[in-house]
Amino acid sequence: QVQLVESGGGLVQAGGSLGLSCAASGRTFSSYVMAWFRQAPGKEREFVAAIDWSGGTTYYAVSVKGRFTISRDNAKNTVLLQMNSLKPEDTAVYYCAADRGAYGVGVYSTMEGRYDYWGPGTQVTVSS
């Protein structure tokens, strides 16, 4: 069993930056693919970014590529999402998720159903 808790959300102006953190419990964290998803008001939850167990391979949604960076620290059981050049359309609740069955990341990482564990989410609001 893995428990995930996100932190770092808040209010930021367009063009600004914000860093999210996801703390995970459990000794098998380092073997999981980790990802960030987000859900804006009135919209379905969507994929943002994923990272493989080693941190060596990442995969991003087109909408955030070049602006967001996902990373992980297996020694600290933590996954980070650095968000730069934020836009009002980035406003959403951001969720951390863990996939215990994957070995790498790719287009299949965008599928919500792959993920076994989810955090409660953290709100990010970008003002124009």
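Select Val-2 first, together with its contact partners: leaving aside neighbours within four places in sequence, Val-2 touches Ala-24, Ser-25, Thr-28, Tyr-32 and Tyr-117. The model on screen is a predicted one, and every stop on this tour should be read accordingly.

Keep Val-2 highlighted and consider its setting. The residue belongs to the segment that precedes strand 1 (4-7). Its relative accessibility is 4%, and because buried means under 20% relative accessible area, Val-2 counts as buried. Now add Phe-29 to the selection and draw a C-alpha to C-alpha distance between Val-2 and Phe-29: the two are 7.5 Å apart in space, with their positions 27 residues apart in sequence.

Next, show the whole chain as a cartoon. Eleven strands will appear, and zero helices. Followed along the sequence, the pattern reads β-β-β-β-β-β-β-β-β-β-β. The radius of gyration is 13 Å, close to the 14 Å that the globule rule gives for 128 residues, so the protein is as compact as a globular protein of that length. Reduce the display to the C-alpha trace, and its principal axes span about 40 × 25 × 25 Å.

With the full chain still selected, turn to contacts. Of those that join residues at least 6 apart in sequence, 60% link residues at least 24 apart. Colouring by relative accessibility then brings out the buried residues, which make up 45% of the 128 residues.

Switch to a surface representation. The accessible surface amounts to about 6,400 Å², and carbon and sulfur atoms account for 50% of this area. Colour the charged side chains on the same view: there are 11 positive and 10 negative ones, and the centres of these two sets are 3 Å apart.

The last two stops concern backbone geometry. Most residues other than glycine have a negative phi. Which phi does Asn-77 have, positive or negative? Select Asn-77 in the loop that connects strand 7 (68-73) with strand 8 (78-83). Its phi is positive, at about 50°, although the residue is not a glycine.

Move on to Ser-85, located in the loop between strand 8 and strand 9 (92-99). Here too the residue is not a glycine, and Ser-85 has a positive phi of about 50°. Is Ser-85 buried, partly exposed or exposed? The relative accessible area of Ser-85 is 41%; because this value lies between the 20% limit for buried and the 50% limit for exposed, Ser-85 is partly exposed.

Technical notes:
Residues numbered from 1 in each chain as written. Predicted model: local features only at pLDDT ≥ 70, side-chain atom pairs only at ≥ 80, totals over all residues. Heavy atoms only, no water. Helix = DSSP H or I, 4+ residues; strand = E, 2+ residues; numbered from the N terminus. Buried < 20%, exposed > 50% of the residue type's maximum accessible area, 1.4 Å probe, protein only. Contact = heavy atoms within 4.5 Å. Rg over C-alpha atoms; globule rule 2.2 N^0.38 Å. Areas by Shrake-Rupley, 256 points an atom, 1.4 Å probe, with all protein chains shown as cover. Lys, Arg positive; Asp, Glu negative; His and termini not counted. Charge placed at Lys NZ, Arg CZ, Asp CG, Glu CD.
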